[in-house]
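Me: I would like to go through the labels used for this protein and ask what each of them rests on.

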Amino acid sequence: MDEDIAVAFGSFMEAMPHWAFIIIHSTLIVVGYWLSRKTKNNGFLLFVVAELSYITYHTGLTHFLFAHIIAEVLDILALVTIAFGFSKRIVGGVSPVVPGTAQHR
């Protein structure tokens with residue numbers, strides 16, 4: 001009877017130790033922080049906090065579903081903040097003045 005039940009896709013991930021996930025999320029935190037400094041867009045800092053939320057699960061501080069929903073909310077806020085920041089630069093940006101060319105305003 002047990003042979004009829006299919007193994008859920010991705011169940012092999014349960015064999016990975018929590019420290020491996022902590023390394024992955026920590027790497028993403030470093031990348032998010034670097035992008036926030038490089039682009040001067042604080043939306044990436046929301047992404048950093050989202051990754052910290054995942055780490056709380058892997059360190060045993062929170063339940064997975066709680067950490068996951070907090071991270072997802074922070075991720076969507078990060079995406080909106082990043083998109084708003086970039087669109088503001090495009091819409092409000094001043095086109096560069098190039099010497100020797102006609103400037104249309």
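**Labels and their grounds**

Reply: In this predicted model, 52% of the protein's contacts between residues at least 6 apart in sequence join residues at least 24 apart.

Me: What makes the secondary structure pattern α-α-α?

Reply: The protein has 3 helices and 0 strands, and reading along the sequence therefore gives α-α-α, since helices and strands are numbered from the N terminus.

Me: Why is S36 called buried?

Reply: S36, which is found in helix α1 (residues 18–39), has 0% relative accessibility, and because buried means under 20%, the residue counts as buried. Beyond its neighbours within four places in sequence, S36 is in contact with N41, F44 and L45. Across the protein, buried residues make up 23% of the 105 residues.

Me: How do you know that the side chains of S36 and R37 form a polar contact?

Reply: The two side chains are joined at 3.4 Å, and the cut-off is 3.5 Å, with adjacent residues counting only if both atoms are side-chain atoms, so the pair qualifies.

Me: Why is L77 called partly exposed?

Reply: L77, in helix α3 (residues 64–92), has 43% relative accessibility, and because this lies between the 20% and 50% limits, L77 counts as partly exposed.

Me: What makes L77 eligible for the nonpolar patch on the surface?

Reply: Patch residues need over 30% relative accessible area, so L77 at 43% passes that limit. The patch is formed by F66, I69, I70, V73, I76, L77, L79 and V80, with about 730 Å² of accessible area together.

Key: Residues numbered from 1 in each chain as written. Predicted model: local features only at pLDDT ≥ 70, side-chain atom pairs only at ≥ 80, totals over all residues. Heavy atoms only, no water. Helix = DSSP H or I, 4+ residues; strand = E, 2+ residues; numbered from the N terminus. Buried < 20%, exposed > 50% of the residue type's maximum accessible area, 1.4 Å probe, protein only. Contact = heavy atoms within 4.5 Å. Patch = residues over 30% accessible without salt bridge, like charges linked within 9 Å, V, L, I, M, F, W, Y side chains within 5 Å. Areas by Shrake-Rupley, 256 points an atom, 1.4 Å probe, with all protein chains shown as cover. Salt bridge = Lys/Arg side-chain N within 4 Å of Asp/Glu carboxyl O. Polar contact = N/O pair within 3.5 Å; in protein donor to acceptor, adjacent residues only side chain to side chain.
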